[in-house]
Amino acid sequence: MKTDRYFYDEVTAAVSHPRLEVRVWGPGWEGYIPKLTSSENIRRTFPNISFDIIYSKTRHFNITSTTAVVIHGTADCHQHNCLRDDVYPTHADAITFRYAGLILEFARPEQWASQEKQRIKKLFPNLNATQRQNMEQPMPFFFHSPDCADDTLLHPIPGGKEWEQFRPHKIRLIGSHQKELYPLRYTIWKGIKSGKIKNAEVYEHVGNTLNKPTKKTIPGQQLEIGIFNPNDPVISHHRKNQQNWANVLATTQICVFDSSIVRKAIRKFQESFLSGCVVASDIPLEMEDIFRDVVIPLRVDMGVHEINEILQTYLQDTKRLRWMAREAFKRARMHLTCRNKVDRLLQAAAMVLRGERGYWFPFGFSATCRKFWTGDKYTTEWCRNNEHNT
């Protein structure tokens, strides 16, 4: 029911991967016994499968394995709250972040050591310091695995002069415009609503959940436990939402949004690139080389009139927009599809087996000032003494 498609798209790409046999399963699904650990549940449900990788998302339940590489994918971090017991799986071989800068925010060695000391002390208060130290888990392998775009769903771009002919919507603001998290979008939203930003419209956010059809209306397929079919009728509502979203991007010339206060490469970049919609946004603090020259650069401190002038100037230069759309499409096909993301997961597992530890950043990033909204103020490790953060 969630409109955040990051795990759905990964699973869909993995299922279609020619080298993989995939099982999708977990707490709350058929046959899962809450009294057992996740590791025990896996062994009980799939006794004849020796998994090479166990990939957990959102909640980890401290899965352990003597044969598989255990990789945990963290949830999104809007707030400054990722270093918690229910976020870090202490027994994982590797932990992946969707956004590169968050690794340095929440996965530095001293943070891991401090978190482990607190965890062990909480679990075993009667042990002495030496005994507790012997029980602390070593820091795992961390790597950056950015969001991806579904190249089987998003429309390829027509070449030449056909580009703008298929895109009747000139400028669209897409995504949430909540002021605290997306300040640049909020400014643009006000500008469009007041008529100060021309040739533009707002594509209203669809919300965080979808209406799920009842089983009486759309019967699901009787599949073996763990088998996932992206074309199952039970998730037809999800496919419909994705198709509508793909059509929005494919019929728009300039897609406007921002990278949020965290300055991260949200999935709208990848999906817009793959759809041939030229992005207008501030530049995230990661993968800058991929975004260079193919994003209309905006800044959070810009006013409405300056933003409008920039957008109208680019809108009139159709030759330039066509080139930006084609070049962004090429980069997305090369690096940002969900098949790419699955391949990087396999590569990370191979690195773990070779004994690698530390950090892996497949793309460049900047470890500079980024912000997190805590409910009443901005806070961040790197910008603590910056007077402009409050």
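The lining of the second largest pocket in this predicted model divides into nine nonpolar, 10 polar and 11 charged residues. The space in this pocket amounts to about 780 Å³. Of the 30 residues that line the second largest pocket, T3, D4, H205, N208 and K268 are the closest to its centre. Two helices, α8 (236-250) and α9 (267-275), each contribute at least two residues to the lining. The largest share, three residues, is supplied by α9. Both domain 1 (1-148 + 337-389) and domain 2 (169-212 + 229-336) provide at least three residues each to the lining of the second largest pocket.

Helix α9 also takes part in a salt bridge, through R267. The partner of R267 is D147, and the closest N and O atoms of the pair are 3.6 Å apart. D147 is placed in the loop between β4 (141-144) and α6 (162-165), whereas R267 belongs to α9, so the contact ties together parts that are 120 residues apart in sequence. In total, 17 salt bridges are found in the structure.

Two open sheets are described next. Strands of a sheet pair through backbone hydrogen bonds, in either a parallel or an antiparallel arrangement. One open sheet is built from five strands in the order β1-β2-β3-β4-β10, with parallel pairing. The edges of this sheet are occupied by β1 (53-57) and β10 (358-360); each has a single partner strand, so one side of each is left without a neighbour in the sheet. Neighbouring strands of this sheet are turned against each other by 20 degrees on average, direction ignored. Within the sheet, strand β2 (residues 69-73) is paired in the parallel sense with strand β3 (residues 94-97), over three bridges. G73 has T96 in β3 as its bridge partner.

A further open sheet, also of five strands with parallel pairing, follows the order β6-β5-β7-β8-β9. Here the edge positions are held by β6 and β9 (295-297), each with a single partner strand, so one side of each is left without a neighbour in the sheet. From one strand to the next, the twist averages 30 degrees. Strand β5 (residues 169-174) has β6 and β7 as its neighbours in the strand order. The pairing of β5 with strand β6 (residues 200-203) is parallel and runs over four bridges. In this pair, I171 has A200 of β6 as its bridge partner. With strand β7 (residues 252-256), β5 likewise pairs in the parallel sense over four bridges. R172 stands opposite C255 in β7.

Methods:
Residues numbered from 1 in each chain as written. Predicted model: local features only at pLDDT ≥ 70, side-chain atom pairs only at ≥ 80, totals over all residues. Heavy atoms only, no water. Pairing = 2+ DSSP bridges. Axes fitted to C-alpha atoms, helices over the stretch in contact; angles between N-to-C directions. 1 Å grid on protein atoms, 1.4 Å probe; cavity = no way out; pocket = protein on both sides within 12 Å on 5 of 7 lines; lining within 4 Å. Points joined across faces, edges and corners; volume = space filled by probe spheres on them. Nonpolar A, V, L, I, M, F, W, Y, C, P; charged D, E, K, R; others polar. Domains from an automatic or database assignment. Salt bridge = Lys/Arg side-chain N within 4 Å of Asp/Glu carboxyl O.
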